[in-house]
Amino acid sequence: MDNYEQLKADNKRLKNQVKQLSTYNSDLKNELEFAQATIQRLKEANRETINI
């Protein structure tokens, strides 16, 4: 395989990795948002418990 073919193959592989990482990043953002919302609900529940 000549250098050009190797670069094409590497580029294709890297594009696929970027796509996978983008999906993974999106999933992590969703998990972070859920965790932050959970923390907020727990803080509010804690405040209500303290005020009882």
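**Exercise 1. A patch on the surface**

Which residues form a nonpolar patch on the surface, and about how much accessible area do they have together?

*Solution.* Bear in mind from the start that the structure is a predicted model. The residues to find are L21, Y24 and L28, which form a nonpolar patch on the surface. Taken together, these residues have about 320 Å² of accessible area. To place the patch along the chain, take Y24, which is found in helix 1, the helix that covers residues 3–51.

**Exercise 2. The overall form of the chain**

Work out how many helices and strands the protein chain has, and decide whether the chain is a compact globule or more spread out than one.

*Solution.* Begin with the secondary structure, which comes to 1 helix and 0 strands. Next, compare the radius of gyration of the protein chain, which is 22 Å, with the 10 Å that the globule rule gives for 52 residues; the value is well over that figure, so the chain is more spread out than a compact globule. The box filled by the C-alpha atoms, taken along the principal axes, can then be set beside this result, and its sides are roughly 75 × 10 × 10 Å. A pair of residues gives a further view of the chain, since N11 and N46 lie 35 residues apart in sequence and 52 Å apart in space, from C-alpha to C-alpha.

**Exercise 3. Burial and accessible surface**

Find what percentage of the residues in the protein chain is buried, and state whether N11 is buried, partly exposed or exposed.

*Solution.* Buried means under 20% relative accessible area, and buried residues make up 0% of the 52 residues in the chain. For the single residue, note that N11 has its place in helix 1 and that its relative accessible area is 40%, so N11 counts as partly exposed. For the chain as a whole, the accessible surface comes to about 5,100 Å², and 56% of this belongs to carbon and sulfur atoms.

**Exercise 4. Charges and a salt bridge**

Identify the residue with which R13 forms a salt bridge, and describe how the two partners are placed in helix 1.

*Solution.* The count of salt bridges comes to 1. R13 forms a salt bridge with D10, and the closest N and O atoms are 3.7 Å apart, a distance to be checked against the cut-off of within 4 Å. Because R13 and D10 are 3 residues apart in helix 1, about one helical turn separates them. R13 is partly exposed at 42% relative accessible area, and D10, at 24%, also counts as partly exposed. Finally, looking at the charges of the whole chain, the mean positions of the 9 positive and 8 negative charges are 2 Å apart.

Key: Residues are numbered from 1 along each chain as its sequence is written. This is a predicted model: local features need pLDDT of at least 70, side-chain atom pairs count only at pLDDT 80 or more; totals for chains, interfaces and linings use all residues. Side-chain values use heavy atoms; hydrogens and water are left out. Patches are made of residues with over 30% relative accessible area and no salt bridge: like charges are joined within 9 Å, nonpolar side chains (Val, Leu, Ile, Met, Phe, Trp, Tyr) within 5 Å. Accessible areas come from the Shrake-Rupley method with a 1.4 Å probe; for residues, only the protein chains shown count as cover. A salt bridge is a side-chain nitrogen of Lys or Arg within 4 Å of a carboxyl oxygen of Asp or Glu. Helices (H or I, at least four residues) and strands (E, at least two) are DSSP runs, numbered from the N terminus. Buried means under 20% relative accessible area, exposed over 50%, partly exposed in between (1.4 Å probe, protein chains only). The radius of gyration is taken over C-alpha atoms; the globule rule is 2.2 Å times the number of residues to the power 0.38. Lys and Arg count as positive and Asp and Glu as negative; His and the chain ends are not counted. The place of a charge is taken as NZ of Lys, CZ of Arg, CG of Asp or CD of Glu.
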